[in-house]
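Here is a friendly briefing to read alongside the model. Have the sequence and the 3D view open as you go.

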Amino acid sequence: MVTMMKMLKRADILLIIILLALSLLPLLSLPDSKADAVHADITIDGQLWRRVPLSAHHGHETITARTPDGHYNTIEIDDDTIAVQDADCPDRICIQQGKAQKPGDIIVCLPHKLLIEVKGTSPDGTTAVLPAR
Amino acid sequence: MNHTHRLVYIALLTALSLALYLLEGLIPMPFLAPGAKLGLANLITVLALYTLPRWQDAAAILMLRILLASLFGGGPTVMLYSLIGGLQSLVIMVILQHTGLFSPLGVSSAGGFVHNLGQLLTATLLSAHAGLLAYLPILGPCGLATGFLIGYTVQQILPKIQNWPSLTMAKEK
């Protein structure tokens with residue numbers, strides 16, 4: 001049996017390396033395509049107040065949502081998670097709900113009619129669109 | 001290789017590749033990405049490229065196999081994707097083979113790669129969903145690996161069938 005290295009020509013190796021590099025190319029542009037993949041919609045009393053991109057978010061950010069009747073919820077965005085940090089609602093359940101991160105996660109503050117919904121497609125949950133064979 | 005020899009050989013290879021295609025369907029495979037598969041039937045395509053005098057014969061085998069395979073199972077969508085991937089990969093392999101620079105290993109590896117790349121690009125065009133290209137880092141190396149293995153197998157097969165009467169005739173001509 002001929003050894004594999006003998007059968008491989010130099011051009012073969014070059015070709016394979018080039019094609020390998022080519023297939024890794026989409027990784028460079030991947031962060032861009034993921035940018036708006038996951039976001040959080042913050043609605044107050046049924047009205048969209050703010051849309052926060054999550055998957056492209058890095059670092060720490062705090063925003064304060066104010067209800068029409070003067071109450072507040074302090075929302076904390078830490079990298080790709082969102083949570084209510086502080087609020088003057090009586091039950092403070094929104095704070096206890098902790099961090100939301102994955103699409104489908106929801107944080108509700110009933111007294112303030114505030115709703116934080118995480119939407120989008122998760123990187124691992126990207127659905128296969130067409131069968132490729 | 002006279003006309004009858006050629007016809008019989010093409011029929012034989014078509015039957016073999018169809019059998020390999022169906023056999024592959026029976027092998028359980030880990031799910032890596034949509035479209036990632038062994039592509040055992042491509043073994044015959046590569047073999048045909050290296051044993052038949054004209055590349056058109058390899059193209060005939062490929063298209064016959066895809067047509068028959070989609071009758072056995074699959075359907076129009078699968079057939080479309082198989083045709084696109086298969087033909088693109090065949091064209092690239094023919095070109096690379098005729099440069100004379102590459103061994104069956106390189107030719108087949110590139111063929112496997114182009115097969116996956118072509119299908120991915122087609123799926124991207126059809127669905128207008130550029131995110132599908134995110135699968136290329138998985139599907140590309142997969143195609144290279146399966147193509148490499150197929151090239152290796154072909155290289156092992158070639159010396160063993162060189163003495164087949166009809167094939168020697170092809171060489172003498």
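In chain B, the UniProt annotation "transmembrane region", from an unreviewed entry, covers residues 6-23, 58-83, 90-114 and 134-154. UniProt positions follow the numbering used here, feature names are shortened, and annotations may be inferred rather than shown by experiment. This is a predicted model, in which local features need pLDDT of at least 70, side-chain atom pairs count only at pLDDT 80 or more, and totals for chains, interfaces and linings use all residues. Residues are numbered from 1 along each chain as its sequence is written, chains are lettered from A and ligands numbered from 1 in the order written, and side-chain values use heavy atoms, leaving out hydrogens and water.

**Annotated spans**
- Residues 58-83 of chain B are 88% helix and 0% strand, with end C-alpha atoms 13 Å apart; helices (H or I, at least four residues) and strands (E, at least two) are DSSP runs, numbered from the N terminus.
- For residues 90-114 of chain B, the end C-alpha atoms lie 9 Å apart, and the span is 84% helix and 0% strand.

**Nonpolar cores**
- The largest nonpolar core (buried Ala, Val, Leu, Ile, Met, Phe, Trp, Tyr and Cys joined through side-chain atoms within 4.5 Å; buried means under 20% relative accessible area, 1.4 Å probe, protein chains only) has 39 residues.
- Leu13(B), Leu52(B), Ile61(B), Leu90(B) and Val154(B) touch the most other members of this core.
- Its largest share, seven residues, comes from α6(B).
- Apart from this core lies another, of 22 residues, including Val38(A) and Ile82(A).

Terms used
Buried means under 20% relative accessible area, exposed over 50%, partly exposed in between (1.4 Å probe, protein chains only).
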